[in-house]
Each structure stands twice: as C-alpha cells, then as structure tokens.
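Trainee: I would like to learn how the terms used for a protein model are decided. Could we take them one by one?

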Amino acid sequence: MNTQWRLARTPPGGWPVDDDFERVETDMPDPGPGQMLTRTIYLSMDPYQWNRRRNGTEAPGEVCHGRTVSEVIESRIEAYAPGDLIFNTNGWQAYGLTGEGISDFTYMFPRKLDPAAAPISTAIGVMGMLGLTAYSGLIVQCAPKAGETVVVSAASGGVGQVACQLARIAGCRVVGIASKLEKVDFLLDALGVDACVSHKSPDFADELAAACPDGCDVYYENVGGKVYEAVLPLLNKNARITVCGMISQYGADSFEAARKAWGDLGAPTFARQDVTVQDLRVGNYVADYQDQFLAEMGEHVRAGRVIYKEDRWDGLAKAPEAFQAMLRGDNFGKTIVVVGDDPTA
Ligand code: NDP
C-alpha cells in the first residue's frame with residue numbers, strides 16, 4: 001500500500017491548519033512505459049507550496065506537491081535502474097511515479113544523485129532548488145562586490161543561510177535578520193555573518209541601522225512587511241534588491257495587495273537612489289545556471305566553506321505539522337521530512 005497526503009480543500013485564507021490535509025492509504029502506483037516507480041526518502045517543505053494550495057494551482061484531492069529525494073524501485077526508463085538515487089517530485093507520498101505523462105511541474109528536473117559528491121538530502125537543500133535560489137538571487141541578480149554590505153532576511157532558513165555564506169565568500173559585510181536567539185547565535189558563530197539582528201526586538205529598526213553603519217548595498221528579501229520597511233531607509237545609491245519571497249505576507253487575505261504595498265512603499269526611495277529591484281523565480285535560472293551552480297556549490301560544500309543546517313521531522317505522518325511549523329518560523333534550518341530509509345546513511 002502507498003500512503004499519501006492530499007489537499008483536502010482549497011484553504012479559505014490565512015495560515016495552514018490540519019483540516020487542509022487528508023491522509024489516504026491507496027494502492028501502490030504501477031509504472032507504465034516511460035515511467036518509473038520511486039520510493040520517497042526525503043521530502044522538502046517549502047513556503048511556495050502554500051501559495052500553490054491557496055491560489056488553486058493544487059486542486060483538492062490532489063497529492064500535495066513537494067520535491068523529494070527518492071530511490072528507484074522499478075524503472076521503464078532506460079537511463080534509470082532500480083537502486084538509483086534521484087532528485088524528483090514525488091510529493092507528499094511514500095511512493096510515486098516519475099516520467100512520461102506525469103505533469104510537467106511534477107516531472108521537473110529529475111536527476112541522478114552521487115552520494116560521494118554530497119549527502120543526498122542536500123539535493124532538496126543547499127545543492128538543490130534552495131541553493132540555486134540563493135545563488136541566482138544573490139550572485140546572478142545582485143552581483144555583490146567585496147566590501148559591500150549585504151542584508152539577508154530569514155537568514156537562518158533554507159535559502160537565507162546559503163545567501164549569507166555566498167555573500168561572505170564574496171567578501172561582503174553580511175548582516176542577517178532572524179528571530180530567536182539560537183538562530184542569531186548560529187548565524188554569528190557557525191555561519192560567520194558580521195552582524196545579526198532579531199526582528200522580534202522592540203528596537204529592531206534601530207538595531208538594524210546600527211548593524212549597517214555604511215548602509216545597505218544588497219538586500220536579499222525573503223520576508224516583506226516590517227522587516228522590509230526597516231531595510232528601506234538604509235538602501236545606498238545603486239543598491240540591488242532581489243525579491244525572493246515575502247513569507248510574512250503568505251497568510252494575508254490578498255498576496256497581491258501585500259505586494260502592491262511593498263512596491264508603493266519603496267517607489268520613492270528606489271527612484272531617488274537608483275535602486276534596482278528584481279523579482280526572482282528560480283525555475284527561470286535552471287537552464288542557464290544549474291550546471292555552474294552545482295559545480296561551484298559542490299566545491300564550497302566539500303571544502304566546508306558552505307555548511308548547512310537541516311530541520312528534520314521523522315515520518316510522513318508529520319508532514320502537515322512540519323509544514324505549519326515552517327510557515328510559523330518554528331523551523332531552524334531547511335525543513336525536511338524523513339519519509340523512508342536512506343541507504344547511504
Ligand atoms: P525558511 O527555511 O527560511 O523558513 C521560513 C523562515 O521565514 C522562518 O524560519 C522564519 O525565520 C521566517 N519567517 C516566517 N514568518 C516570518 C515573519 N512573519 N516575519 C519574519 N520572518 C518570518 O524558508 P525557505 O528558505 O524555504 O524560503 C525562504 C523564502 O524564499 C520564502 O519567502 C520563499 O517563498 C522564498 N523562495 C523563493 C523562491 C523563488 O523562486 N523566488 C524559491 C524558494 C524559496 P525567523 O524565525 O528567523 O523569523
């Protein structure tokens with residue numbers, strides 16, 4: 001039997017609750033020509049999954065979408081054999097099909113993994129979409145120069161921790177924004193950022209300004225809301241912003257309204273300071289940058305220049321709980337659900 005979490009309803013608004021998800025026991029999927037059956041090992045929890053559920057991209061009754069690391073069990077694709085370890089998109093289920101006839105989004109970028117190159121869980125973390133998101137937003141879009149000040153929000157999270165380390169490697173002064181003390185300490189002590197400020201502090205805006213004595217040249221935006229408002233007055237002439245995400249707004253009634261407020265608030269500053277603001281959609285960077293990213297990040301990880309922290313939850317049963325915790329900010333590092341045994345562990 002296969003176990004799945006399906007979307008129970010299109011969420012009415014706000015943040016996820018248990019009633020949004022339905023656990024189903026179902027028959028094992030049978031691979032057709034051009035398909036393979038894979039067993040989920042690691043399942044990625046990502047904020048964008050909530051947007052898909054809220055905006056109707058994911059329909060009630062569908063298996064909840066999610067990127068995975070899996071083992072091939074049975075293959076009717078020549079390039080793959082049983083035992084291969086791959087990055088794929090099984091979603092929130094113990095077993096899934098990959099291959100022809102599976103929707104494009106679901107079938108996006110499957111690739112074989114080499115456990116000797118990096119631990120396989122990193123394919124949904126630092127060596128996967130998250131790492132490429134940090135790389136394409138920071139390095140490709142913002143091109144930070146040595147000596148510049150880079151501010152990163154949600155800095156201890158999956159994307160943020162990679163962005164901080166890439167900025168540090170580029171020789172920048174790195175200022176992280178996080179919530180709890182343990183996250184602030186991790187950023188300062190383990191990731192080596194130059195300063196870190198808690199957005200929970202009543203004096204957050206003043207503390208951020210004090211941490212940026214030379215202003216802000218690059219802002220890696222993950223959060224929006226009051227965090228963004230505190231960064232705005234610090235922007236230097238010719239600053240660059242990558243709008244990677246606005247997680248503080250994902251429970252708002254209208255994401256479009258939140259986005260418009262963000263633009264309206266910044267518009268005068270952007271015009272005066274010649275600030276460049278770019279949206280980020282990581283999927284647009286795969287074709288041109290994936291190979292270069294994997295080569296560079298692989299070197300950084302193997303050399304210990306980039307480290308990563310995972311927030312692991314044991315068992316597929318925990319998926320809704322892990323997802324809700326991550327959106328509340330109760331994660332510490334990249335949120336991963338361990339669904340099945342890792343043969344390389
Ligand atoms: P994280 O691992 O960073 O987890 C989310 C973090 O956001 C929490 O740990 C919390 O950190 C912070 N957070 C949550 N709510 C708030 C709030 N109200 N105010 C301030 N901070 C908050 O998630 P990811 O690394 O997966 O994602 C980070 C961002 O990147 C998201 O906005 C996501 O949508 C975006 N993204 C965009 C992509 C793209 O293509 N543009 C691709 C992938 C991700 P803390 O406790 O420190 O506040």
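Mentor: Let us go through two strands' partners and then one helix.
Mentor: This is a predicted model, where local features need pLDDT of at least 70, side-chain atom pairs count only at pLDDT 80 or more, and totals for chains, interfaces and linings use all residues. Residues are numbered from 1 along each chain as its sequence is written, and side-chain values use heavy atoms, leaving out hydrogens and water.

Trainee: Why are β4 and β5 called paired?
Mentor: Pairing takes at least two bridges found by DSSP between two strands. Strand β4 (residues 68-75) is joined to β5 by 4 bridges, so the two count as paired, and they run antiparallel. Glutamate 71 stands opposite leucine 85 of β5.

Trainee: What makes β5 and β7 a pair?
Mentor: They share 2 bridges, in the antiparallel sense, so they meet the limit of at least two. Isoleucine 86 has lysine 112 of β7 as its bridge partner.

Trainee: Why is residues 286-303 called a helix?
Mentor: Helices are DSSP runs of H or I with at least four residues (strands are E, at least two), numbered from the N terminus. Helix α8 has 18 residues, so the length requirement is met.

Trainee: How do you know what span to expect for α8?
Mentor: The expected span is 1.5 Å times one less than the number of residues. For α8 that gives 26 Å, and its 24 Å from first C-alpha to last is close to that.

Trainee: Where does α8 bend?
Mentor: At phenylalanine 293, by about 25°; the bend is the angle between axes fitted to the seven residues ending there and the seven starting there.
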